[in-house]
Amino acid sequence: MSAPSLHLYTDSSPNGFKASIALEELGLPYQVSHVRIDQGEHRNPGFLALNPHGRIPVLVDHARGQVVFESAAILLYLAEHGQGLLPRAPTARWDAITWLMFHAASVGPILGQRVHFEHFAEQRYLPAVQRYQRLCEDAFSVLDARLAEHPYLAGAEYSIADIAHFAWLHIAELIDIDFRRHRNLWRWYQQVGERPAVQRGIRIPEPATGP
Ligand SMILES: N[C@@H](CCC(=O)N[C@@H](CS)C(=O)NCC(=O)O)C(=O)O
């Protein structure tokens with residue numbers, strides 16, 4: 001049997017999970033290469049030839065000779081390729097794209113900086129910690145208000161906008177960034193997290209076995 005056309009380069013991380021969840025949701029065949037960030041593999045010349053910014057995830061579609069990086073672009077590519085996860089009706093479609101971009105431009109970077117300053121920075125710089133805690137709470141409030149009015153971010157339909165947000169909120173929860181008081185966001189988070197494809201997607205790449 002020939003290898004699947006879609007090839008995902010990823011690591012166990014929020015941006016990587018967006019792509020693997022979408023692939024699982026769409027039921028598309030794909031192969032996975034585990035790019036171990038902790039071993040600097042994202043700085044290898046072969047990987048930099050795919051993404052000059054040296055970040056996962058990267059999706060290669062061998063059939064079309066197409067390389068896509070940036071997780072939001074990968075989600076749009078997969079939605080088009082797999083014909084799903086993006087509503088067809090124009091209003092809901094643009095709502096999904098709007099919330100996807102809100103994620104890409106605001107929620108993802110804010111959570112990324114918060115995690116860095118709270119957990120990984122060599123020194124604890126309180127103004128930065130407080131700034132990203134405040135920005136994070138603002139973003140959570142915006143999401144909570146939207147989800148008070150609609151079951152999903154694009155409205156009635158689950159979409160790539162939900163996948164993008166879920167992946168980062170999953171990491172937030174794992175490291176005890178508490179958003180339960182945002183009750184609509186928490187309800188949505190639990191609901192999305194129960195989806196079998198989401199459960200599978202957050203286990204990719206599979207943990208290595210053996211030495
Ligand atoms: N805006 C990019 C961010 C990608 C990103 O930062 N990926 C992280 C893993 S979640 C990474 O590759 N980090 C390696 C590094 O920062 O050197 C996207 O959405 O794909």
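**Exercise 1. Which strands does α3 lie across, and at what angle does α3 run to β4?**

Before solving, two notes on the model. It is predicted, so local features need pLDDT of at least 70 and side-chain atom pairs count only at pLDDT 80 or more, while totals for chains, interfaces and linings use all residues. Residues are numbered from 1 along each chain as its sequence is written.

*Solution.*
- Start with the names: helices (H or I, at least four residues) and strands (E, at least two) are DSSP runs, numbered from the N terminus.
- Next, the angle: axes are lines fitted to C-alpha atoms, for helices over the stretch in contact, and angles run from 0 to 180 degrees between N-to-C directions.
- Now read off the result: α3 lies across β3 and β4, at about 135° to β4.

**Exercise 2. Work out the strand order of the sheet and trace its pairings.**

*Solution.*
- Two strands pair if DSSP finds at least two bridges between them.
- The sheet is open, has 4 strands in the order β2-β1-β3-β4, and its pairing is mixed.
- β2 (30-34) and β4 are the edge strands, each pairing on one side only.
- From one strand to the next, the twist averages 20°.
- β1 (residues 6-10) and β3 pair in the antiparallel sense over 4 bridges, and Y9 has V58 of β3 as its bridge partner.
- Helix α1 packs on this sheet and touches β1, β2 and β3, with a direction about 150° from that of β1. Here, contact between two residues means that their C-beta atoms, placed from the backbone, lie within 7 Å.
- β3 (residues 58-61) also pairs with β4 (residues 66-69), again in the antiparallel sense over 4 bridges; L59 has V68 as its bridge partner in β4.
- The β3 and β4 hairpin has 4 residues between the strands, and G65 there takes a positive phi near 65°.

**Exercise 3. Describe the shell around the ligand.**

*Solution.*
- A residue is near a molecule or strand if its C-beta atom, placed from the backbone, lies within 6 Å of it.
- Among the residues surrounding the ligand are S13, N15, H42, R55, I56 and E70.
- Helix α1 (residues 14-26) gives the largest share of the shell, 3 residues.
- For classes, Ala, Val, Leu, Ile, Met, Phe, Trp, Tyr, Cys and Pro count as nonpolar, Asp, Glu, Lys and Arg as charged, and the others, Gly among them, as polar.
- The shell has 3 nonpolar, 7 polar and 2 charged residues.
- One more detail concerns I56: a cis peptide bond joins I56 to P57, with omega about 5°. P57 sits in the loop between α2 (45-48) and β3.

**Exercise 4. Why is α6 roughly perpendicular to α7?**

*Solution.*
- Helix α6 (residues 160-174) packs against helix α7 (residues 183-193) at an angle of about 100°, and their axes are 10 Å apart.
- That angle makes α6 roughly perpendicular to α7, because angles of 65 to 115 degrees count as roughly perpendicular, under 35 as roughly parallel, over 145 as roughly antiparallel and the rest as oblique.
- D162, F166 and L169 of α6 meet Y189, V192 and G193 of α7 in this contact.

**Exercise 5. Characterise the contact between the two domains.**

*Solution.*
- An automatic or database domain assignment supplies the bounds: domain 1 (6-84) and domain 2 (90-195).
- Their C-alpha centres lie 21 Å apart.
- In the contact, 10 residues of domain 1 meet 9 residues of domain 2.
- On the domain 1 side, α1 and α3 (71-82) each supply at least two residues.
- That side divides into 8 nonpolar, 1 polar and 1 charged.
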